[in-house]
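Student: Could you take me through the salt bridges of this protein, going slowly over the pairs that join distant parts of the chain?

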Amino acid sequence: MRTFTIEPLHAPSMEACRLRIDNLTKPIYSLATLELIAERFAGILADPQPNHLRYGVLVVATDHLVDGPQNNQHGSESYEAIKRFNEGRTATQGAASKLNAAVHVVNIGLEQDTTDLTNIDQQVIRKGSHFFGVEPVISRDELEASLELGFTYADKLHQDGLQVVAIGNVGERAFLDSLVTTATITGCAYNDILVHTECGPTIEQRAAHIHSFVDRFNIAVDDWSALSESERRDAVLHLIAVAGGLDIAFLTGFILGAASHRMAVVFDNAVTGAAVLAAVTIEPLVKDYIFPSAAYEEPIHKEQCRFLGVKPCLHYNLQIDEALGATMGLSIIDASMHMLNDMKTFVEAEVKAAEDGAGKGRQKNKE
């Protein structure tokens, strides 16, 4: 994996931004999350009053478990999904257009051939990840290729002038890979993030079944905090190669690269969340550059958010992935920018600030 440097947030810009927010014509702290988002962007961009952010969307496509016993569709559903992107008729593209956000879709590992889709970036590394019940999901060379491609896209979107990127995925059978990656990093038991079903094996039986596949690969880590920086990185990369897959590897590289360019990343579902966990475990400073978006009633996603200590803002009960939740999250960031720049301070509006109450000592009546 290439080397990179991620800087802490710029504290002076955050302090100046916070002072402006506290002096906007509203009760102090009353806009909660919008205020915290604006303050964090001041630190990300080293700008006390960021405005007119440039947004983008990045969707990675790859299938999982292509040689697994439950591969009945052979990538037909994911092909239809990426075909809709090729034709420009997805909800994600519709939402992105409202924010003038370009949508980039890259196929690195769908099972079916997509060379006929001319609006899709064709960067196929292999046609789908393996089933870890047979062998590691990707080889070390495929892992390195996926990570480097993610870094390359971070370079490209940074060069395009983007400052915030919503990430998403297209692909079939990503559940198991996201589950194992999440459980290994957070330390939760498989039993805690498996969903009860009325028929078939119990949660305990299914958890034992997964253990029978992956335990032989020695991916478990007793205490991540006890590892050195290089040991932590190597353990994460080993985990992704064994049970993560092409898309999680690609997105991990992209997130690390984006943060090194001071670009913010918005994530949504279990796949993108698994990549966020991997990137944050490799380099904890990444967390400052990550924003959640949609809330999913799904245990893996809930565990990821719990571990990261974040709370998604959008409770729309979305039943579709494809970066839609993350793209909608861009609108929350955009709203925070409007708050910061379109609202006036007490001085600008020539409104007298209260001399007592919660804003005392922070809200000013003159410059």
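Tutor: What follows is a close look at the salt bridges, taken pair by pair. The model is a predicted one, and a search of the whole structure finds 18 salt bridges.

A good place to begin is Asp22, which forms a salt bridge with Arg362, with 2.8 Å between the closest N and O atoms. This pair links distant parts of the chain, since Asp22 belongs to helix α1 (residues 11-22) while Arg362 lies in the segment after α14 (346-349), 340 residues apart. The two partners can be described by their accessibility: Asp22 counts as buried because its relative accessibility is 1%, under the 20% cut-off, whereas Arg362, at 30%, counts as partly exposed. Both residues also belong to a network of salt bridges that links Arg18, Asp22, Lys26, Glu35, Glu39 and Arg362.

A second pair is Glu322 with Arg84, whose closest N and O atoms are 3.4 Å apart. Here Glu322 sits in the loop between α12 (299-308) and α13 (324-342), and Arg84 sits in helix α3 (residues 76-86), 238 residues apart. Glu322 is buried, with a relative accessible area of 10%, and Arg84 is partly exposed, with a relative accessible area of 28%.

Finally, the side chains of Arg173 and Glu111 form a salt bridge at 3.7 Å, N to O. That pair connects two loops, with Arg173 between β4 (164-170) and α6 (175-186) and Glu111 between β2 (102-109) and β3 (121-122), 62 residues apart.

How values were computed. Residues are numbered from 1 along each chain as its sequence is written. This is a predicted model: local features need pLDDT of at least 70, side-chain atom pairs count only at pLDDT 80 or more; totals for chains, interfaces and linings use all residues. Side-chain values use heavy atoms; hydrogens and water are left out. A salt bridge is a side-chain nitrogen of Lys or Arg within 4 Å of a carboxyl oxygen of Asp or Glu. Helices (H or I, at least four residues) and strands (E, at least two) are DSSP runs, numbered from the N terminus. Buried means under 20% relative accessible area, exposed over 50%, partly exposed in between (1.4 Å probe, protein chains only).
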